[in-house]
Amino acid sequence: MFQKPRSFGARWLLHGFRATARSVMSSEDLISVDYEIFGRVQGVFFRKYTQAEGKKLGLVGWVRNTTAGTVEGQLQGPRNKVEQMQEWLKSTGSPKSHIIRAEFENEKTIDSLEHSSFKVVK
């Protein structure tokens, strides 16, 4: 059976460990990552669905078509939500899209969000 620590010191130590572990890397960290999606991703409402999924997850950023026929953008938000969105971009997309590959670059931890919403850029 689990017992509560009997001294204040033991609780402080446990709390201190949690705080240290969280500061190293956590799903609470805000991150930013750039992406490019290849395949049949234009003319199939990919940007609209990407915006909707990003908003659903509480992310900010942007998405746009490229002249090369790909879709590119940037995601920002809590690490665990960005990772969920990366998985969605790799494997789901819009219903009529066909994703060949997804590339993610320039991942970095940020102190605050650089966008106020998730936008479709023309």
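Q: In this predicted model, what stands opposite Y35, and what makes the two strands involved count as a pair?
A: Y35 stands opposite G73 in β3. Strand β1 (residues 30-40) and strand β3 (residues 71-78) are joined by eight bridges and run antiparallel; because pairing asks for at least two bridges between two strands, β1 and β3 count as paired.

Q: How do you know that β1 also pairs with strand β4?
A: Nine bridges join β1 to strand β4 (residues 98-109), again in an antiparallel run, and since at least two are needed, these strands therefore qualify as a pair. I31 stands opposite T109 in β4.

Q: Why is the aromatic pair of F46 and W88 called tilted?
A: The ring centres lie 6.2 Å apart, with 45 degrees between the planes. The distance falls within the 6.5 Å limit, and the angle is neither under 30 degrees, as stacked would require, nor over 60, as edge-to-face would require, so the pair is tilted. By this rule the count comes to one aromatic pair.

Q: What makes this pair a tie between separate parts of the sequence?
A: F46 belongs to helix α2 (residues 46-56) and W88 to helix α3 (residues 79-91), so the contact ties together parts that are 42 residues apart in sequence.

Q: Why is F46 called buried, and how does W88 stand against the cut-off?
A: F46 has a relative accessibility of 1% and W88 a relative accessible area of 10%; because buried means under 20%, both residues are therefore classed as buried.

Terms used: Residues numbered from 1 in each chain as written. Predicted model: local features only at pLDDT ≥ 70, side-chain atom pairs only at ≥ 80, totals over all residues. Heavy atoms only, no water. Phe/Tyr/Trp six-rings, centres within 6.5 Å; stacked < 30°, edge-to-face > 60°. Helix = DSSP H or I, 4+ residues; strand = E, 2+ residues; numbered from the N terminus. Buried < 20%, exposed > 50% of the residue type's maximum accessible area, 1.4 Å probe, protein only.
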